[in-house]
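I opened the notebook to go through the sheet of this model and what packs against it, strand by strand. The entries below follow the order in which I looked things up.

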Amino acid sequence: MAEARALAAAAPDLAALREAMAGYSHCELKKGARNLVFADGQPGARVMIVGEAPGREEDQRGLPFVGRAGRLLDLMFGAIGMGRAAPDVEKALYITNILPWRPPQNRDPSPEEIAMMLPFVERHVALADPDFLVLMGNISCQALLGRKGITRLRGNWQTVFGRPALPMFHPAFLLRNPPCKRESWSDLLLLQSRLEGK
Ligand code: URA
């Protein structure tokens, strides 16, 4: 972890951070993964989404949230006029995960794996410099807030690395629990009004 902290702190920009992560060999997950999944969208976007870890399609393509859950994520944010391909930073998203490598069989990452990669996440947030974070699901909340219980946390603004952070249900959870989309819609509207300064 000390090495992760030193490597992350020494990265002057996102490209260097990506390289530092690619060269970090203490996390076992790296061995089983095809690709490092660093980020997608626009650095400089006002909103940065932090998910859990890559799944199969993300591992294959080297991009976060490009499978089924990712398509739902795109639809959700599209409904408030935001997207990862938007050229305007006001409308753009920047997307990453707590873990850059796919855990075998999509198992939950262990607390040790999360702790090891956390310095990279902290540096990633500092370099991307968003106004707001969205924490997608329990693993992201566990890692960044030290708390689980997304049903209670969602929709309530928190502070992470000194920035406002909104926990939301993970889109993979919404695919399994469609009635919860109602709460996510209200969370998206909450984010939208915060973006508009209301
Ligand atoms: N779920 C996540 O949390 N992140 C991804 O990139 C894909 C699925």
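I began with the pairing of S2 and S3 in this predicted model, and found that the two strands run in the parallel sense over five bridges. As one pair in that ladder I noted Gly-51, whose bridge partner in S3 is Asn-97. I then turned to S4, which S2 also pairs with in the parallel sense, here over four bridges, and there Met-48 has Leu-133 as its bridge partner.

Next I asked how covered S2 is, and recorded that five of its five residues are buried. I looked up which way they point: Val-47, Ile-49 and Gly-51 go one way from S2, whereas Met-48 and Val-50 go the other way, and all are buried. I wrote beside this that side chains in a regular strand alternate between the two faces of the sheet.

I then stepped back to the whole sheet, which is open, has six strands in the order S1-S3-S2-S4-S6-S5, and is mixed in its pairing. Its edge strands are S1 (40-41) and S5 (158-160), each of which pairs on one side only. At the S1 edge I checked the link to S3 (residues 93-97) and found two bridges, with the strands running antiparallel; Asp-40 has Ile-95 as its bridge partner in S3.

For the helices on the sheet, I noted that H6 touches S2 (47-51), S3, S4 (132-136) and S6 (163-168), and that its direction makes about 170° with that of S3. Helix H7 (residues 137-145) lies across S2, S4, S5 and S6, and runs at about 125° to S4.

Which residues touch the most other members of the largest nonpolar core? I listed Ile-49, Phe-77, Phe-120 and Leu-191 out of its 64 residues. Helix H6 (residues 111-128) gives the most to this core, with seven residues. I followed Phe-120 further and, leaving aside neighbours within four places in sequence, found it in contact with Ala-4, Leu-7, Ala-8, Leu-17, Ala-20, Met-21 and Tyr-24.

Is Gly-32 buried or exposed? I placed Gly-32 in helix H3 (residues 29-32), and entered it as exposed because its relative accessibility is 67%, where the cut-off is over 50%. Its C-alpha lies 17 Å from that of Glu-112, with the two positions 80 residues apart in sequence numbering.

Last, I consulted the UniProt record, an unreviewed entry, which lists residues 38-190 as "domain: Uracil-DNA glycosylase-like". In the model that span is 42% helix and 17% strand, and its end C-alpha atoms lie 27 Å apart.

Notes
Residues are numbered from 1 along each chain as its sequence is written. This is a predicted model: local features need pLDDT of at least 70, side-chain atom pairs count only at pLDDT 80 or more; totals for chains, interfaces and linings use all residues. Side-chain values use heavy atoms; hydrogens and water are left out. UniProt positions are given in the numbering used here, feature names are shortened, and annotations may be inferred rather than shown by experiment. Buried means under 20% relative accessible area, exposed over 50%, partly exposed in between (1.4 Å probe, protein chains only). A nonpolar core is a set of buried Ala, Val, Leu, Ile, Met, Phe, Trp, Tyr and Cys residues joined through side-chain atoms within 4.5 Å. Contact means heavy atoms within 4.5 Å. Two strands pair if DSSP finds at least two bridges between them. Axes are lines fitted to C-alpha atoms, for helices over the stretch in contact, and angles run from 0 to 180 degrees between N-to-C directions.
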